[in-house]
Amino acid sequence: MTQIVYYSVTGQTRRFVKKITSSAIEIEPHNPFIEMNEPFILIAPTYPEEMIEPINDFLETNRNINYCRGMFGGGNRNFGTAFCFTVRDLEQEYGVPVLHKFEFQGSEQDVEKLKKEIRKIEHQNN
Ligand SMILES: Cc1cc2nc3c(=O)[nH]c(=O)nc-3n(C[C@H](O)[C@H](O)[C@H](O)COP(=O)(O)O)c2cc1C
């Protein structure tokens, strides 16, 4: 099983994830220290660093980083070159690849891309 783990401040990322599964894991700011023991894709919106600290806390919990197969970044193209910089920074920091970037709650193509990446990971695990 490939899990989806996400963080959401204003609900856009949550809406994207709910299009694919109702059993995703949400990183809660008051308790981000969830221990993972199976592969997952992280879906993260883009905010100033101090606003995404729960994501760092989550990735640094136990062996979580070893189970993270890749990330999807949510953002807003109006931010220009800062579009989806959070996942790009996390990629540098933790060496986990950015698989895809999308805007707000994602389009049908973004949903398809996530399904495809999940299938790829399941295939690799078999
Ligand atoms: C204070 C603030 C700063 C943001 N900065 C960026 C940014 O630098 N780059 C970007 O692509 N999106 C930026 N965004 C857009 C959000 O990442 C985007 O709306 C995302 O879909 C929000 O996801 P959420 O509703 O799950 O929190 C910013 C939004 C806010 C409110």
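I take helices and strands here as DSSP runs, with at least four residues for a helix (H or I) and at least two for a strand (E), numbered from the N terminus. With that settled, I note that the model is predicted, and that its chain has five helices and five strands.

**Entry 1, the chain as a whole**

I read the elements off from the N terminus on, and they run β-α-β-β-α-α-β-α-β-α. I then looked up the radius of gyration, which is 13 Å and close to the 14 Å that the globule rule gives for 126 residues, so the chain is as compact as a globular protein of that length. For the outer dimensions I took the C-alpha atoms along the principal axes, where they fill a box of roughly 40 × 30 × 25 Å.

I also looked up burial and contacts. Buried residues make up 45% of the 126 residues, and of the contacts with a separation of 6 or more, 69% are between residues 24 or more positions apart. The chain exposes about 6900 Å², and carbon and sulfur atoms supply 46% of that area.

**Entry 2, the sheet**

In what order do the five strands stand in the sheet? I find β2-β1-β3-β4-β5, in an open sheet whose pairing is parallel. The edges are held by β2 and β5, each of which has a single partner strand, so one side of each is left without a neighbour in the sheet.

I followed the pairings in turn, beginning with β1 and β2, which pair in the parallel sense over two bridges; here Tyr 6 has Glu 26 of β2 as its bridge partner. Between β1 and β3, which also run parallel, I find four bridges, and the partner of Val 5 in β3 is Leu 42. Five bridges join β3 to β4, again in parallel, and in this pairing Phe 40 stands opposite Cys 68 in β4.

I paused on strand β1, which covers residues 3-6, to ask which residues lie on each of its faces. In a regular strand the side chains alternate between the two faces of the sheet. For β1 I note Gln 3 and Val 5 on one side and Ile 4 and Tyr 6 on the other, and as these are all buried, both faces of the strand are covered.

**Entry 3, salt bridges**

I counted five salt bridges in the model, and I looked at several of them one by one.

Glu 26, met above as the bridge partner of Tyr 6, forms a salt bridge with Arg 14, and the closest N and O atoms are 2.7 Å apart. Glu 26 lies in strand β2 (residues 25-26) and Arg 14 in helix α1 (residues 12-18), so this pair ties together parts that are twelve residues apart in sequence. Is Glu 26 buried or exposed? I find a relative accessible area of 19% for Glu 26, which is buried because the cut-off for that class is under 20%, whereas Arg 14, at 30%, counts as partly exposed.

The side chains of Arg 77 and Glu 103 meet in a salt bridge at 3.8 Å, N to O. I place Arg 77 in the loop between β4 (68-75) and α4 (85-94) and Glu 103 in strand β5 (residues 98-103), so that the pair, 26 residues apart, links distant parts of the chain. Glu 103 is partly exposed, with a relative accessible area of 30%.

In helix α5 (residues 108-125) I find Glu 117 and Lys 113 four residues apart, about one turn of the helix, with their side chains meeting in a salt bridge of 2.9 Å, N to O. Glu 117 is buried at a relative accessible area of 5%, while Lys 113, at 23%, is partly exposed. I note further that Lys 113, Glu 117 and Lys 120 are linked in a network of salt bridges.

**Entry 4, aromatic pairs**

My search of the whole structure finds two aromatic pairs. One of them is formed by Phe 40 and Phe 58, which are edge-to-face, at 5.4 Å centre to centre and with 70° between the planes. Phe 40 belongs to strand β3 (residues 40-44) and Phe 58 to helix α2 (residues 53-59), and the pair, 18 residues apart, links distant parts of the chain. Both Phe 40 and Phe 58 are buried, and Phe 40 is also the residue that I recorded opposite Cys 68 in β4.

Notes
Residues are numbered from 1 along each chain as its sequence is written. This is a predicted model: local features need pLDDT of at least 70, side-chain atom pairs count only at pLDDT 80 or more; totals for chains, interfaces and linings use all residues. Side-chain values use heavy atoms; hydrogens and water are left out. A salt bridge is a side-chain nitrogen of Lys or Arg within 4 Å of a carboxyl oxygen of Asp or Glu. Buried means under 20% relative accessible area, exposed over 50%, partly exposed in between (1.4 Å probe, protein chains only). Rings of Phe, Tyr and Trp (its six-membered ring) pair if their centres lie within 6.5 Å; planes under 30 degrees apart count as stacked, over 60 as edge-to-face and the rest as tilted. The radius of gyration is taken over C-alpha atoms; the globule rule is 2.2 Å times the number of residues to the power 0.38. Contact means heavy atoms within 4.5 Å. Accessible areas come from the Shrake-Rupley method with a 1.4 Å probe; for residues, only the protein chains shown count as cover. Two strands pair if DSSP finds at least two bridges between them.
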